[in-house]
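Open the model in your viewer and keep the selection box handy. We will go stop by stop.

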Amino acid sequence: MKRKQLYHLAWDEIEENRDAERQYQDNLKRRGKSRLLGTTLLVAASILLFFGLGMKPAVALTVEGERIACAKDLESYSSTLEELKAEAEEDLDTELLAEEPTLSLAIVPGFAIDDAGEIQDEILACSPVAYERRYAFWLGERLLGTIVQDEVEEARTKVEEYRDVVAKEYGWASEVTVTGNLREEIRLSVEDEFITPDELYTALEETDGVTQSYKLKVGEDYQDVMEYFSLDEATLISYNPEKPLSDYKRGDEIVVSAPDRVFDVTYSFRTTYTETIPFDVTYKNTRTLLVGEEGVRTEGTSGLSEVMAILTVQNGKVIEKEVLSETVIREPVAAVHLKGVRKDTGKMFYHPVDNARISSEFGYRTLFGGRDYHTGVDFVVPEGTYVYAAADGVVKSSGIIGNGAYGKVVVIDHQNGFVTYYAHNSKLLVNVGDRVVKGEAIALSGNTGRSTGPHCHFEVRKNGVQVNPFLYMARP
Ligand SMILES: [Zn+2]
């Protein structure tokens, strides 16, 4: 602690270093003493320690934490600092260094030694210390190795040699560029082990082009691989450009990841691949489902097209596709999804037709000049309108029945004592014995049989007796 305080005091006095000053002030505050008193005491202590014990502080030049030169003594500090700085700027290409050389006061190791002569030797020995540049070769965050200054040119040549080797690998492609990526850093103080330029070359080879691959099993082909690894065909081709994907057989290794290259590699090549064409989804309203319910009538099928393109790949990723031609092999088929529109009225029967006006209620009415008992409800609808089953049941009749007054009629037995009639249709969509569900289309409305205009006659029979349908059906 005492040595540290001494150091800061000396610095403050000599260099007016602000940081040291602040630390010094902090020290004083902590100790709760006045600056003047502290200064006086510390100056005294410094003199005692340095000169009383025959020790002298040294001025050190530090680069990247390594002391590379020292001034002999405190008295000659200012001229020595200037000399050291000038020397450092001349000798070191400071622009290349991660850190600028710094000058600071230091208690040089060896000061603890009692013998005055030894101390002197120690100081002189480090003034100035021989230093050497060392070249660290980095790949991203990975240190490939550190080369001594004398061998750095050879190492660079090796890197260039390897760059050429990589470029040659892409001889089959066009517009190949192999650039950058490897970073060179000059370090004065490193604890790395040094490697030779040849070892650097080996490190490059070993690090370069690492990929993940998958071995095809029985019955598998590249399309399975595309699915397993979620890769499109163009990307898989870019990973495996040597031969067509369809040539990869059982036991073959197929590359499934972008190669991790030492250099940034960009290249282009022409190829043909298939691409999926997505299918559309259309929605259809259905009465067989309640509002909010959904279903699928037809599952969609993706289409397929054959694309001829020039792919540009950078570091294993397709960055550009210049499409030369595109041929549709298979058209996509749209999916049909069903959307329920039937409202649950809570009543037994659903309306047999939509949006219809009632032209004749159940009961007595005047028709063809006479009084007539109407056995059902008439809904006015244009010919060809869908007629729906009012509830689940089995088709009992579908055709002309009795005297033909009902025209083309569908009769549904709901198997709970209720039977419903849908009369005067133009076309029947169900056959006797068919099981139908509530809301299912069973006919197209019409004007057949004893009818004065296109309409749907809906009739409900409970245990064989004609009843008012509105007892069991909501009013529209
Ligand atoms: Zn009627």
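**Stop 1: confidence**

Colour the chain by pLDDT before anything else. This is a predicted model. The protein chain averages a pLDDT of 76, and 70% of the residues score at least 70. Now select residues 1-22. The pLDDT there is below 50, and this stretch has 28 contacts in the model beyond near neighbours in sequence. Next, select residues 27-56. Here too the pLDDT is below 50, with 25 contacts in the model beyond near neighbours in sequence. Where pLDDT is low, the predicted coordinates should not be read in detail. Hide both stretches if they distract you.

**Stop 2: a four-stranded sheet**

Select residues 174-179 (β6) and 317-330 (β14). Add 264-277, which is β10, and 303-314, which is β13. Together they make an open sheet of 4 strands in the order β6-β10-β13-β14, with antiparallel pairing. Why do β6 and β14 each have one side without a neighbour in the sheet? Both stand at the edges, and each has a single partner strand, so one side stays unpaired. On average, neighbouring strands of this sheet are turned by 25° against each other, direction ignored.

Strands of a sheet pair through backbone hydrogen bonds, either parallel or antiparallel. Turn on the backbone here and go from pair to pair.

- β10 and β13 run antiparallel and are joined by 12 bridges. Pick Ile277 and look across to Gly303 in β13, which stands opposite.
- β13 and β14 also run antiparallel, with 11 bridges between them. Pick Leu304; facing this residue in β14 is Arg330.

Now zoom in on the hairpin of β13 and β14. It has 2 residues between the strands, and Asn315 takes a positive phi near 45°.

**Stop 3: the strand β23**

Move to residues 418-425. This is β23, a mostly covered strand: 6 of its 8 residues are buried. Show its two antiparallel partners one at a time.

First, β22, residues 408-413, which is joined to β23 by 5 bridges. Click Asp413 and find its bridge partner, Val419, in β23. β22 and β23 form a hairpin with 4 residues between them. Stop at Gln415 in the turn, where phi is positive, at about 60°.

Then β27, residues 455-462, which is joined to β23 by 6 bridges. Click Thr420 and look for Val460 in β27, directly across the pairing.

**Stop 4: a three-stranded sheet**

Select β20 (386-388) and β26 (441-444), then add β24, residues 427-428. They form an open sheet in the order β20-β26-β24, with antiparallel pairing. β20 and β24 stand at the edges with a single partner strand each, so one side of each is left without a neighbour in the sheet.

- β20 and β26 share 3 bridges. Val387 has Ala443 in β26 as its bridge partner.
- β24 and β26 pair over 2 bridges. Lys427 stands opposite Leu444 in β26.

**Stop 5: the nonpolar cores**

Show side chains for Ala389, Val409, Val410, Tyr421, Tyr422 and Ile442. These residues have the most contacts inside the largest nonpolar core, which has 28 residues. Which strands each supply at least two residues of this core? They are β19 (377-380), β20, β22, β23, β26 and β27. The largest share, 4 residues, comes from β22.

Centre the view on Ala389. Leaving out residues up to four places away in sequence, Ala389 touches Ile412, Val436, Val437, Lys438, Gly439, Glu440 and Ile442.

One last selection: Tyr135, Leu204, Val265 and Ala309. They are among the members of a second, separate core of 17 residues.

Technical notes
Residues are numbered from 1 along each chain as its sequence is written. This is a predicted model: local features need pLDDT of at least 70, side-chain atom pairs count only at pLDDT 80 or more; totals for chains, interfaces and linings use all residues. Two strands pair if DSSP finds at least two bridges between them. Axes are lines fitted to C-alpha atoms, for helices over the stretch in contact, and angles run from 0 to 180 degrees between N-to-C directions. A residue is buried if 20 or more other C-beta atoms lie within 10 Å of its own, exposed if 12 or fewer, and partly exposed in between; C-beta atoms are placed from the backbone. A nonpolar core is a set of buried Ala, Val, Leu, Ile, Met, Phe, Trp, Tyr and Cys residues joined through C-beta atoms within 7 Å. Two residues are in contact if their C-beta atoms, placed from the backbone, lie within 7 Å. pLDDT is the predictor's confidence in each residue, from 0 to 100.
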